[in-house]
Amino acid sequence: MLTLAWLVLFLPLAAAAAILAGTLRRNFLSSALACGAMTVSFLFSCAIFFQLAGRNFEAAESHVVLVSIRNFELEFGVLVDRLSAIMLLIVTGIGGGIFFYSTEYMKDDPGYSRYFAGLSLFAFSMLGIVLSTNFFQIFVFWELVGVSSYLLIGHWYQKNEAADAGKKAFITTRIGDVGFLIGILMVWSLAGGAGKETLNFGVLESLMGDGFSGGMYLTLACLAVFCGVLGKSAQFPLHVWLPDAMEGPTPVSALIHAATMVAAGVYLLARTFFLFVHSSQALFVIACTGCVTALMAALMALVQDDIKKVLAYSTLSQLGYMVMAVGLGSASAGMYHLVTHAFFKALLFLGAGSVIHAIHTQNIWEMGGLLRRLPVTGWTFLIGFLALAGIFPLSGFFSKDEILTLASMRHPVFYLAGTLTAFLTAFYMGRLFFTVFTAEPRREHHPHGEAAVIRIPLLLLAFFSAASGFFGLGHWLHTHHDAEIEWNFWVVSISLIVSLGGIAASYLVYNLRIPLPESLGVVFAPARKVLENKFYLDDFYDALVQKVQQNFAGLCDLFERWVVVEWMVNGTARVTAWSGDMLRRLQTGRIHFYALVFSAGITALVGWWVLAR
Amino acid sequence: MIGLHHYLVLSAILFAAGVYGILSRRNVLLILLSVELMLNAANLSFIAFSRYLGDLGGQVFVFFTMVVAACEVTVGLAVAILLYRTRGSLDTDQADWLKG
Amino acid sequence: MGEAAAFYFFAALSLISALCVVNAKNPVYAVLSLVVTMFCLAALFVLLKAFFVAAVHLLVYAGAVLVLFLFVVMLLGVGAEGSATPAAGPVFRVFGTVTVAALLAELGLVLWLAADHFRSAPEATEGTLEAVGRLLFRQYLLPFEVTSVLLLVGIIGAVVLARREPA
Amino acid sequence: MISLLVLFPLIGAAAVLLTARDNPAVIRRVAAWSCGASLLLALLLVFSFDRFAGGVQFEMRRPWVESLGISFHAGLDGISAVMILLHGLVSFSGALVSYSIKERVKEYFVFYLLLVASIYGVFISLDVFFLYLFYEMAVIPMYPLIGIWGSKNKEYATMKLTLFITAGAVLALVGIIAVYQMAGLKSFDLIELQRHFAVQPLPQRFQKWAFPFLVFGFGVIASLWPTHSWSPIGYAAAPSAVSMIHAGVLKKLGPYLILRLALGFMPDGARIWLPVVAALAMVNILYAGYCAMVQKDLKFIIGFSSVSHMGYILLGLACLNEAGLTGAVLLMFSHGVMAASAFSLIGFVYDQTHTRRVDELGGGLARKVPFIAVCFIMTAMASLGLPGFSNFISEILIFFGSWKVFPLFAAIGIFGVLVTSIYLLRTVKQVFYGPQTVSWEGLKDAVTVRARAPYLILIGALLVAGFFPQLLVGRIRSGVEPLVTAVRWSEETRLSSSSTVWKVYGDGGR
């Protein structure tokens with residue numbers, strides 16, 4: 001089983017290396033390599049899952065020592081347990097689907113092989129995160145998913161926007177990683193204090209068993225680790241990169257920026273939940289962050305015109321849900337939502353991709369009535385939409401209500417924010433769906449049909465989006481660290497009603513196009529402006545970069561030019577030249593002067609010598 | 001009997017006279033003459049010590065000094081001629097090519 | 001007694017002529033005064049029983065070096081020389097005098113301090129040709145030979161320096 | 001056998017001297033072969049180095065001036081083994097890159113080979129006298145190499161560089177002679193001296209004043225702030241291969257000699273002074289990083305970047321524990337290879353476009369020169385500490401090492417990685433991405449094996465060392481451990497940490 005896990009991990013890397021080394025010019029071979037590796041990985045993942053099930057889901061790990069220095073070791077290994085097994089299936093399953101989908105979506109792209117190399121590299125990195133046995137390894141892959149995301153977002157590097165978006169994504173997530181690495185170091189110190197300098201999850205968990213108290217230091221460590229999540233899972237205030245990342249090809253958005261990479265933060269939280277449970281303050285901060293992100297992103301999604309941007313903000317919002325769930329004390333609830341969300345958000349993105357592929361525009365106002373032209377896309381998109389809105393009996397209903405129930409048990413503010421977000425979600429998704437698929441088109445389109453490799457992944461994902469709520473995943477993922485969630489009829493019914501209300505409202509406004517009173521637009525104009533400007537966060541960051549960072553850099557440069565070089569270095573040179581110039585005057589060229597100085601010197605020396613005796 | 005220090009005092013005075021000559025004259029030839037004077041003052045001490053210490057090595061040294069002095073004079077005079085040729089005078093103050 | 005008288009005579013004469021050397025206005029006088037000094041020194045060498053050195057001294061200095069000086073003085077023109085070589089400036093004079101005085105004082109002090117060491121009676125060494133020759137050709141053979149190289153270099157140097165450029 | 005490392009390039013230099021001037025092809029080939037021979041030998045030595053035995057291996061000794069105790073004593077320990085590998089890789093690639101030199105090819109390669117030989121000499125010498133001799137010998141060819149074959153502002157740059165390095169060397173020489181006298185062994189032999197100091201350490205007061213001579217003297221070569229200003233401009237003016245050798249290897253002589261001489265001889269002094277060095281290293285990291293952010297010239301960017309990275313190396317040295325020192329040595333290797341690769345790539349572009357200015361290059365070059373673009377991006381990724389390249393492992397080790405000693409500095413260092421990624425990614429974007437605004441008709445990608453070899457060798461080395469770090473780490477560790485033992489001994493027996501010059505030890509280690 002562990003051998004299989006190693007293979008699952010390294011097959012995509014081998015594919016990426018093979019593409020880079022040999023088949024850059026042979027498109028078909030490249031995609032075959034990548035898809036083949038992914039398929040085999042998926043099959044192995046299934047095998048792992050069943051073997052693990054046969055062993056009653058007992059965790060197993062193996063690792064090699066990458067670096068060892070005295071009592072300090074950096075390990076690299078694979079860890080297979082419930083959490084990683086389910087994530088393996090998600091990553092290789094959804095990932096595999098998206099790989100196949102890409103063969104059609106990207107078929108005329110000049111960077112076809114490069115694209116598949118990037119996807120394979122991404123798959124490798126993501127699987128690495130999933131299978132990590134320790135903090136060091138997870139950090140390694142954390143960085144690698146960052147770079148593969150950078151490469152894939154910037155796939156169309158000749159577009160300035162794409163290149164900038166890739167850069168922004170990479171740097172923003174790296175800001176979080178600064179904190180993450182510091183957090184890892186702090187955890188390492190904590191472990192040292194608790195008896196063993198290790199970063200291994202299993203060992204750490206046993207070291208920090210019940211009754212462990214790390215005090216303030218632990219809280220800080222947890223928050224620092226959480227910084228990594230902030231970046232990678234695009235939580236407020238580091239969420240700004242995710243909408244921009246939609247510059248990448250749509251399958252990439254589906255795979256990385258919806259289903260897997262952005263969920264890695266939640267996975268990390270679940271994986272290291274044993275740390276967080278010891279610090280209620282850290283959990284509180286996490287819950288607040290998630291809550292703010294969820295609400296804020298849902299609001300921003302209301303005013304987007306780009307089909308992918310709507311989905312991007314929706315992703316942000318759902319990630320906020322997951323993080324909030326973890327912060328409220330149940331990593332399993334967060335993971336549950338992660339799994340269902342992975343299905344339906346990948347579905348939605350691929351659907352969006354199919355639309356874009358068909359009509360070559362991303363602006364929803366240029367679309368309309370596509371349900372008839374693209375039936376498979378349309379109907380599966382509807383399933384994804386309803387699942388996301390949390391309509392019974394689709395998967396989103398179960399996972400979202402688990403989170404809302406949990407919130408209602410904790411604090412009404414979280415619950416209210418969660419419910420409001422649910423309403424907004426239903427509303428903006430309704431707006432998207434109705435505008436694109438059912439409303440009267442504002443422009444005529446002649447979409448070409450849906451290819452089989454596009455249809456099949458959509459159908460599969462639609463099936464799982466619809467059905468994955470019935471597998472009892474929430475219960476299955478539950479560990480003793482997680483808070484118990486008691487099913488609450490009122491919470492469930494209220495959320496259902498709210499969602500249906502949202503859909504209904506959007507139906508009225510966007511499908512039937514009921515004219516709204518003018519005054520409404522006037523009243524909401526300022527709010528709309530704020531939302532369209534993304535709460536001015538991007539402007540704030542731009543100012544931070546342009547004004548603060550660039551000016552500071554300019555200051556350093558000035559200091560270098562004028563103080564270090566001109567003043568210190570050239571100054572020294574000038575002093576040398578000046579003193580040489582002064583000493584030069586001693587060289588009168590007149591032999592008498594020399595003779596006098598010479599004999600006076602001799603006299604003085606002899607005198608000193610005589611008198612010294 | 002004349003003591004060693006008589007010779008040494010004489011040698012010292014001659015030497016000082018030579019130094020004075022170098023410092024007070026500007027004519028290259030006279031400076032060279034003063035140098036000769038100093039060299040011979042040193043020679044006198046050598047001989048005196050050689051006599052009073054009973055070591056003939058001192059006299060050998062004087063011999064070498066003379067060789068050196070002879071060389072110095074030939075080269076020095078050649079330089080003086082050269083100086084006169086280029087500057088038209090033997091005045092050392094005129095010869096300040098090496099002024100920094 | 002005779003020895004003492006001879007010493008004082010020659011010492012006094014050499015001092016006077018030395019002062020003439022450094023003070024003479026005319027270079028010719030200076031050279032001639034130096035000849036006198038050299039003779040006196042040779043005489044003192046004889047008093048010190050350094051016969052060989054005294055002889056060489058006379059030959060080299062009085063016979064060769066100073067004649068050479070005279071040649072050069074004559075060659076470069078004496079008359080112009082006498083007036084065209086004023087003594088150095090007053091500052092140099094003052095400092096020079098002070099330096100020389102200090103030097104002299106120091107030397108005197110050294111001699112005075114070390115006076116005890118000079119009380120020993122003179123040994124009976126005579127700088128005869130044979131004695132010095134033995135030393136030169138045995139113990140100091142190599143340095144002696146090297147001096148010939150030095151002289152050669154001096155000659156060549158003088159020729160090179162004083163040669164008129166063809167152009 | 002080990003002295004062959006030095007001899008191959010010297011023989012090469014002699015052969016080049018004997019080759020006719022009008023036959024540059026032969027000259028280039030001779031130079032490349034002799035560097036290649038040294039590289040092969042270095043590889044052989046490194047891989048036959050027994051990392052479990054540790055200590056000094058492949059030793060040889062020829063007495064030279066016995067009255068002063070000078071002998072030609074050569075050998076490799078774990079640290080220098082890795083360093084000769086670095087030098088082998090960089091010098092061979094440098095020789096290949098130098099194929100683009102067109103003027104005075106013969107003189108160029110003679111100087112180049114002399115430079116290569118003397119740097120090998122530094123790394124294999126176990127005699128302080130020869131160490132210093134080779135070290136100064138390396139400076140000499142540098143001067144004409146930059147002054148004659150350099151580009152913009154070369155006279156100023158070469159003067160500045162040579163003077164700075166010489167000044168540092170003189171400062172260090174004072175320290176070396178002081179140690180020599182103080183030891184009273186009448187021996188310059190490194191091993192003997194170290195053995196002696198292990199039994200009878202230098203007095204603390206002596207260490208306290210002599211240590212800064214060595215550490216700041218060699219610190220100049222390591223471009224320790226504020227003596228770094230020779231470095232960016234020097235690299236900018238130098239021809240590619242010289243920038244490669246200089247940024248890649250020569251600069252690493254600073255930390256190498258600090259490790260060898262300063263730490264090896266004076267553990268007490270190290271404990272007293274290294275916190276100061278660590279603080280200056282912080283300035284290096286951040287200050288140079290920010291300076292790099294506003295540079296327009298590619299070589300200046302990489303130049304400041306290398307100043308910034310030297311900060312990490314010095315931080316690692318200052319930790320005085322296994323993780324920190326091992327990380328520092330590994331980073332010396334990794335950054336050396338990475339810097340060489342960056343400079344060679346910039347040189348490639350410059351040779352054809354005659355500009356290195358980011359704004360004049362105009363962007364979009366990835367389409368024009370895909371191979372070079374990929375190499376440059378990989379190099380940038382290595383530089384900003386991406387896992388998979390050995391730079392990452394070394395930086396991680398340094399952070400782990402320094403976290404115990406200077407938690408604040410470690411945090412600043414981690415932040416510095418972010419700064420690095422900002423300016424490097426910005427550079428990549430501005431040069432290689434985006435639409436092409438200047439057409440650069442003459443710009444051709446590297447297609448032949450010979451043209452691609454240097455980049456592939458360097459990046460390949462980084463990847464191999466990054467995937468199998470224990471290959472190098474194990475060797476480095478065997479060299480680092482004796483130093484740490486000496487420091488630990490000093491810690492336990494001689495001086496409580498309260499008497500350090502600068503108390504910065506926090507309780508981050510808990």
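## Chatting through helix H8 and chain D

Colleague: Which residue follows H8(D) with a positive phi?
Modeller: Keep in mind that this is a predicted model. H8(D) has a residue after it whose phi is positive, near 50°. That residue is D:Ser223.

Colleague: What distance does helix H8 of chain D reach from its first C-alpha to its last?
Modeller: H8 covers residues 204–221 of chain D, which makes 18 residues. At 1.5 Å a residue you'd expect 26 Å, and the helix comes close to that. Its reach is 26 Å.

Colleague: Where does H8(D) bend?
Modeller: Look for the proline, D:Pro212, in the helix. It follows within four residues of the bend, which is about 30°. The bend sits at D:Ala210.

Colleague: Why is H8(D) largely enclosed by the rest of the structure?
Modeller: Count a residue as buried if 20 or more other C-beta atoms lie within 10 Å of its own. H8(D) is largely enclosed because so many of its 18 residues are buried, namely 13.

Colleague: How many helices are there in chain D?
Modeller: The secondary structure of chain D includes 2 strands. Alongside those strands, the helices come to 20.

Colleague: What is the radius of gyration of chain D?
Modeller: For 510 residues, the globule rule gives 24 Å. Chain D comes close to that, so it is as compact as a globular protein of that length. Its radius of gyration is 22 Å.

Colleague: What percentage of the residues in chain D are buried?
Modeller: The chain has 510 residues in total. Of these, the buried ones make up 64%.

Conventions
Residues numbered from 1 in each chain as written. Chains lettered and ligands numbered in written order. Predicted model: local features only at pLDDT ≥ 70, side-chain atom pairs only at ≥ 80, totals over all residues. Expected span 1.5 Å × (residues − 1). Bend = angle between axes of the 7 residues up to and from the residue. Buried ≥ 20, exposed ≤ 12 C-beta atoms within 10 Å, placed from the backbone. Rg over C-alpha atoms; globule rule 2.2 N^0.38 Å.
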